[in-house]
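Biologist: Could we go through this structure together? I have a few short questions, and plain answers would suit me.

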Amino acid sequence: MENGEIPENAPEHCPGPQSETAGKSDSCKGCPNQEICATAPKGPDPDLVAIVERMATVKHKILVLSGKGGVGKSTFSTQLAFALAAMDFQVGLLDIDICGPSIPKMLGLEGQEIHQSNIGWIPIYVESNLGVMSIGFMLPNPDEAVIWRGPRKNALIKQFLRDVDWGELDFLVVDAPPGTSDEHISIVQLLQETGIDGAVIVTTPQQVSLIDVRKEVSFCKKVGVEVLGVVENMSGLSQPLSELKFTRMTETGEQKDMTEWAMSYMRENAPEMLNLIACSEVFDTSGGGAAKMCNDMGISFLGKVPLDPQLCKAAEEGRSCFSDDKCQASAPALKMIIEKILAQKNISTENGA
């Protein structure tokens, strides 16, 4: 337990050897380290000093959170990082989703390995001004499950903050796992002394997702992290009419592909229709969605991002949705949301952070 590190054999909700309740709390019962922790001298964690020094070169820190998994949080994190880098900011993207690291895939960095220098771990760079760090770069087999208890996860997060040589950054975007677990507590506690600009919470429109978003907002309030706002992702399916597939149900219940016929008909009789974007609600929005929840809770609603197959494809291919005009439905929505976040923090997109 050097430097106040939480031992690997500690229980899941270990308060930490430097805590005043170390060895005394209910979660300490049965732990082999209980007596050592109870009698060990308490004091500030020297690693926190190193983290403060390392983070001194980072101007802004933004957490990206979600109440549930599968709502597009990592997709938003990557596109936020891409957008900021395209504005000529120096950007770092830190993936602390230890058990489900998808950032390497979404940035086209699968198979990359971390290198170490005499000043720390070197991030993997997508572009000269966009560096990335993830446990995904450390796994020998990407299909291998990471089965770690809280203390080991927390130790890696601390190492990412203490040992990664980010250099001078305008933004550090932190992609957190869903929920409000040990990783969230760790990242907030470790960064609190250096200042966190706030958290962006990503959700989908239906109530089953919004229920958990309310818990996420509550977590932020309890730990003193400003909620920059909520993004409603997958807010209806939107894609150009020309990219749709058309079918007809036969008498036997089978679907017959009618796409070629439908496209030919529109080209001949209503060519202007091919420039339209087709929209359809996928999730139940009768409860008012994220906008109503934000109004009820007094927090900022940043906007809606439609479920865009082209955005999904960009994430699968590890590229920015802003690099071309393929993401017609989602890219403008994302751009407006990101501009709102910068405006909240009075950050100019022209004069730097």
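Modeller: A definition comes before the surface figures: accessible areas are from the Shrake-Rupley method with a 1.4 Å probe, and for residues only the protein chains shown count as cover. The model is a predicted one, in which local features need pLDDT of at least 70, side-chain atom pairs count only at pLDDT 80 or more, and totals for chains, interfaces and linings use all residues. Residues are numbered from 1 along each chain as its sequence is written, and side-chain values use heavy atoms, with hydrogens and water left out.

Biologist: What area does the protein expose, and what do carbon and sulfur atoms supply?

Modeller: The exposed area is about 17400 Å², and carbon and sulfur atoms supply 50% of it. Of the 353 residues, 48% are buried (buried means under 20% relative accessible area, exposed over 50%, partly exposed in between, with a 1.4 Å probe and protein chains only).

Biologist: How many helices and strands are there?

Modeller: The protein has 11 helices and 13 strands; these are DSSP runs, with helices being H or I of at least four residues and strands E of at least two, numbered from the N terminus. The C-alpha trace spans about 85 × 45 × 45 Å along its principal axes.

Biologist: How do α3 and α11 cross?

Modeller: The axes of α3 (residues 73–86) and α11 (residues 331–344) come within 11 Å and cross at roughly 70 degrees. That makes the two helices roughly perpendicular, a label for angles of 65 to 115 degrees, where under 35 is roughly parallel, over 145 roughly antiparallel and the rest oblique. The axes are lines fitted to C-alpha atoms over the stretch in contact, and angles run from 0 to 180 degrees between N-to-C directions.

Biologist: Which residues make that contact?

Modeller: On α3 they are Phe76, Gln79, Leu80, Ala83 and Leu84, and on α11 they are Leu334, Ile337, Ile338, Ile341 and Leu342. Contact means heavy atoms within 4.5 Å.

Biologist: New topic: what is the phi of Asp88?

Modeller: Asp88 has a phi near 75 degrees, a positive value in a residue other than glycine. Most residues other than glycine have a negative phi. Asp88 lies in the loop between α3 and β2 (91–95) and is exposed, at a relative accessible area of 65%.

Biologist: And Gln310, buried or exposed?

Modeller: Gln310, in helix α10 (residues 309–317), counts as buried at 14% relative accessibility. Leaving aside residues up to four places away in sequence, Gln310 touches Glu243, Arg319, Lys326 and Cys327.
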